[in-house]
2 protein chains.
Amino acid sequence: MQIKDLGEFRVIDLLQAITAQKSTVPIDGDMPYRLMVDNGDDAAAWKTNGGTELFTTDTMVEGVHFDLATSTWTDIGWKSLASNISDIAAMGGKPKYALITLGLPPETEVSHLEDLYQGYSKISNLYGVRIVGGDMVRANSIFITVGLVGIHSGQPMVRTKAKPGDLICTTGCVGSSGAGLKLLQESNNVSQNIRDFLLDQHKRPYPAVETGVFLSEHGVQVAMDISDGLADDISKLTRASQVAARIYTDQISVHPFVKQAFPDYWLELALHGGEDYQLLFSASPQLMANIQSELPSSSSIIGEIVDGEPGQVTLVGPNGEFLSTSTSGWDHYR
Amino acid sequence: MQIKDLGEFRVIDLLQAITAQKSTVPIDGDMPYRLMVDNGDDAAAWKTNGGTELFTTDTMVEGVHFDLATSTWTDIGWKSLASNISDIAAMGGKPKYALITLGLPPETEVSHLEDLYQGYSKISNLYGVRIVGGDMVRANSIFITVGLVGIHSGQPMVRTKAKPGDLICTTGCVGSSGAGLKLLQESNNVSQNIRDFLLDQHKRPYPAVETGVFLSEHGVQVAMDISDGLADDISKLTRASQVAARIYTDQISVHPFVKQAFPDYWLELALHGGEDYQLLFSASPQLMANIQSELPSSSSIIGEIVDGEPGQVTLVGPNGEFLSTSTSGWDHYR
């Protein structure tokens, strides 16, 4: 059996099960370092005397996650750190220290690496991240792994606590990054300013750190970032919480430029585009009412948590018609 | 200019300089998270209210760092975590939480990943490490990046504080791993028990965590792990401290099996073999006298820190003859 046969998520489940079954290391054996969030969330978390620490990692591979024909090295630097910052944002934390690992062929131009680090400098200064080291290794094709530690003053938001009756909210528009990617892949006679906007959304995402901190400070307990596509990520969140979800497609925030560029395809992009790095969270109707006025203007309540098959997401169209969606996330291997 | 022209270490210097020059993030701006050890040491370190945190990462690439024809997946799991644990040991810390990133082709056998995780389970249980997550991505060739967080109760040992007059000590034999690798690469009519021993030294290194903690608790301030070869690593340590070193080759601890298997080549293996994951440290003669009786039996004082060109390592043979060595470390790109 190969990875592509079993599928990414069942392989990950299997490896997590081995890790959990075989580990003899107590999760709270060595106070004050007590593990709070284990495998399967956006970041791991543990409590120390000084607060809560968050730890995440994310990798980009040339030809899979980026294409040097359409992205600059500076873009790649920005985005490879952004995806990690977003994992910290999803827990309500602040990103702090990063290690950068580069797998590079010997023929890599040094000037390209300088460009890459321009991207790291820009986004790390903007988000208060300090790059404290890393590793550089020879490889046949390019890959970049970022490890990032963050901090949180209390209890991080997780995927596992959604309850039936909770409302589901997104903190901004979805589909814009996917629209930008689609413009890179095929011809489209959209205007230059729309094109520029959407390409920028794809290449330079801004993780929602401030919003994540706001949510966590105001009592939201359930969140994740939208990296693999809204529908897939809702499915992951509900699977982790052993609940289902109902989503009203006409409530999903989609930027007007996405609808203009893709009048027949914008909903598909909104549901499955990925890499928007907005946050997805759930909260009780009362809590949602308390915080809604202070959320970003493009945030939207898009549905609700319901009882049902874990991970099942039911889409309800603008006329009340039911549409079903897959319960599987975006699989790198299929 | 390409990486292979400039060389790995000058590229790393360049990227560290960009990081340092461009960063506007204050290293002590957000107490209680104060950066103590920045780029260029075995691990980054920062102080929290709960103690000191250490953070390191290390990557292995198929065909560069391991060969599936001669290593099992279980071995690769063990070793890819061992190299990170050794970075924490080098600072005098205890390893704590690990994230595993796998770059894998879709055709990878799932049973191989189970074997890989057997290796992770074995070494992580032995060293009290908890695997708390990671990432799996599609790639054309296999790579493994481990990120590891460790803890320390005080001031981590670093590479930058060696002083002229310090004695230089290694905590165990060197050259055994390199001898094992050489047995894999060429024929040798050595006995089976010697062969088994040396292959095991190569495939299953045991990082010196206990010894590192002992050294740090007893006041040693300068240490690193021996991963790229004794001579290269001494050169790195002395370059970081802006000093030079004199090494007496007949004081270097080499296992008798290495000498038996390679009677004409053991010194070369001891100096340049790498991956022994013993510790290299320096301390004043008085401190060394205080702790020496409690060090592992194969530890040895092999030389001294002297004034001189930073990174220059002078080798002194058994008859007092001078031999010079390169001041450059093992370059993955040359």
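User: Which domains is chain A divided into?
Analyst: This is a predicted model. In it, chain A splits into domain 1, residues 3-152, and domain 2, residues 167-324.

User: What separation do the centres of domain 1 and domain 2 of chain A have?
Analyst: Taken over C-alpha atoms, the centres are 23 Å apart.

User: And how many residues are in contact between those two domains of chain A?
Analyst: 18 residues of domain 1 of chain A are in contact with 18 residues of domain 2 of chain A.

User: Which elements give two or more residues to the domain 1 side in chain A?
Analyst: Those are α3 (73-90) and β4 (94-104) of chain A. The largest share comes from α3(A), with ten residues.

User: What is the make-up of that side, nonpolar, polar and charged?
Analyst: On the side of domain 1 of chain A that touches domain 2, seven residues are nonpolar, six polar and five charged.

User: Switching to the pair. What turn lays chain B on chain A?
Analyst: A turn of 180 degrees, with a shift of 0.0 Å along the axis. The RMSD is 0.0 Å. That is how a two-fold axis relates copies.

User: Which C-alpha of chain B is nearest the axis?
Analyst: That of G50(B), 2.6 Å from the axis. The same surface serves both copies, with 100% of the contact residues of chain B recurring in chain A.

User: Now the core. Which residues touch the most other members of the largest nonpolar core?
Analyst: That core has 186 residues. Touching the most other members are A98, A223 and F281, in both chain A and chain B.

User: What does A98(B) touch?
Analyst: Leaving out residues up to four places away in sequence, A98(B) touches L81(B), S124(B), V129(B), I131(B), V132(B), V146(B), G147(B) and L148(B).

Methods. Residues are numbered from 1 along each chain as its sequence is written. Chains are lettered from A and ligands numbered from 1 in the order in which they are written. This is a predicted model: local features need pLDDT of at least 70, side-chain atom pairs count only at pLDDT 80 or more; totals for chains, interfaces and linings use all residues. A nonpolar core is a set of buried Ala, Val, Leu, Ile, Met, Phe, Trp, Tyr and Cys residues joined through C-beta atoms within 7 Å. A residue is buried if 20 or more other C-beta atoms lie within 10 Å of its own, exposed if 12 or fewer, and partly exposed in between; C-beta atoms are placed from the backbone. Two residues are in contact if their C-beta atoms, placed from the backbone, lie within 7 Å. Copies are superposed by least squares on the C-alpha atoms of residues with pLDDT of at least 70 in both. Domain bounds come from an automatic or database domain assignment. Helices (H or I, at least four residues) and strands (E, at least two) are DSSP runs, numbered from the N terminus. Ala, Val, Leu, Ile, Met, Phe, Trp, Tyr, Cys and Pro count as nonpolar, Asp, Glu, Lys and Arg as charged, and the others, Gly among them, as polar.
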